[in-house]
Amino acid sequence: MTTVDADLVERVRRRVGAAGGPATAARVAAALREEGGALRGDVGDVLAVVQSEIVGAGPLEALLADASVTDILVNGPGEVWVDRGSGLERTAVRFADDAAVRRLAQRLAGPTGRRLDDAQPWVDARLADGVRLHAVLPPVAPAGTCLSLRVPRRRVFSVGELQSAGTVPADGAALLRRLAASRTAFLVSGGTGTGKTTLLSTLLSLVDPAERVLLVEDAGELRPDRPHVVRLEARPPNVEGAGAVTLRDLVRQALRMRPDRLVVGEVRGAEVLDLLAALNTGHEGGCGTVHANSAEDVPARLEALAAVAGLNREALHSQLSSALQVVVHLVRNADGRRRLAGLWVLSRGQAQLVEAVPAWAWDGASAVGTHGPGADLLARLLA
């Protein structure tokens, strides 16, 4: 591995910055020649290392280039972890010191227009290549700068590939295909990192190619393989606190764009009201994802989101009962493997409140899933 002196990198960084303009390979190479220094290894390799330190992801560049990596977590200069789909693994990657981690976090945040400094010691943003960035600076993170990168999947997996990977069994794959082909409104639920976005992209890829799909997202992570997709992305406020575009704003705009399917990448706030209203006014087949510990918790989760937006419990359940029909729940095993846990149907229960009723469940070990009390209703919905 090519080694470059840290002081040399800093001198080159300052020289390129003082010259102004973009840090192109030619500018970096010129600054490198002017600074000189003791180099080991091929000059081309040295140039690549220096450029990655100045405009790239530095020591994390190789991890970001690894197609199997979904998350990169930096807990300080000497502790870098990755997730390749089977749990967290500690890597041999190291930073020179915490100042190097801080510089990288600020460099990544800079092009997004977000501030990251002592006055604003955290940032949550999406980079140009779709990577989700989150960083926290000391003293909020007393052990050192923490950096989290969520790497989007570079391609969409087919249901067959998910089945081969052990994410879904054969009968579960058949149910998912039927769900995508129907006009049933559904939510994909699960905890953080369970594969909700990956599965939703797969399901949207199975939808009739003639349908116009409107994607509304906080950050563009859904990548369905289909010909007719329109994307709308939220925008955070600028440093003056103005110019924000919320998911709720975008849902309202999407309804005026003649969607065949309205998709909310993640239901996390007041936009739940507009989504439910849309699904109750003729926009069938809508879907999205939601964070929930279990499928049974989804109604309560939506209830909490609606309460923040000013909708009372009874009104929410009245809307929910006719707007959404199915919950697809994902879990993550102790070994880090993501898998389908089952499908639940939403129906009115006691006190006219919506409940999630198990229709089909899979333990991850059996060859097929088991049917629950909601199986007949699910069959009718997917017919």
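Reader: Happy to look at this with you! What makes up the surface that the chain exposes?

Author: The chain exposes about 17500 Å², and carbon and sulfur atoms supply 53% of it; accessible areas come from the Shrake-Rupley method with a 1.4 Å probe, and for residues only the protein chains shown count as cover. A word on the model: it is predicted, local features need pLDDT of at least 70, side-chain atom pairs count only at pLDDT 80 or more, and totals for chains, interfaces and linings use all residues. Residues are numbered from 1 along each chain as its sequence is written, and side-chain values use heavy atoms, with hydrogens and water left out.

Reader: Good to know. Why is Arg339 called buried?

Author: Buried means under 20% relative accessible area, exposed over 50%, and partly exposed in between (1.4 Å probe, protein chains only). Arg339 has 11% relative accessibility, so Arg339 counts as buried.

Reader: And what makes Arg339 and Asn333 a polar contact?

Author: The term covers a pair of N or O atoms within 3.5 Å; within protein, one must be able to donate a hydrogen and the other to accept it, and residues adjacent in sequence count only if both atoms are side-chain atoms. The side chains of Arg339 and Asn333 are joined at 3.0 Å. A polar atom of the Arg339 side chain also lies 2.8 Å from the backbone oxygen of Trp362.

Reader: Which residues beyond its sequence neighbours does Arg339 touch?

Author: Contact means heavy atoms within 4.5 Å. Leaving aside neighbours within four places in sequence, the partners of Arg339 include Gly166, Leu330 and Asp363. Gly166 is 173 residues away in sequence, with 7.2 Å from C-alpha to C-alpha.
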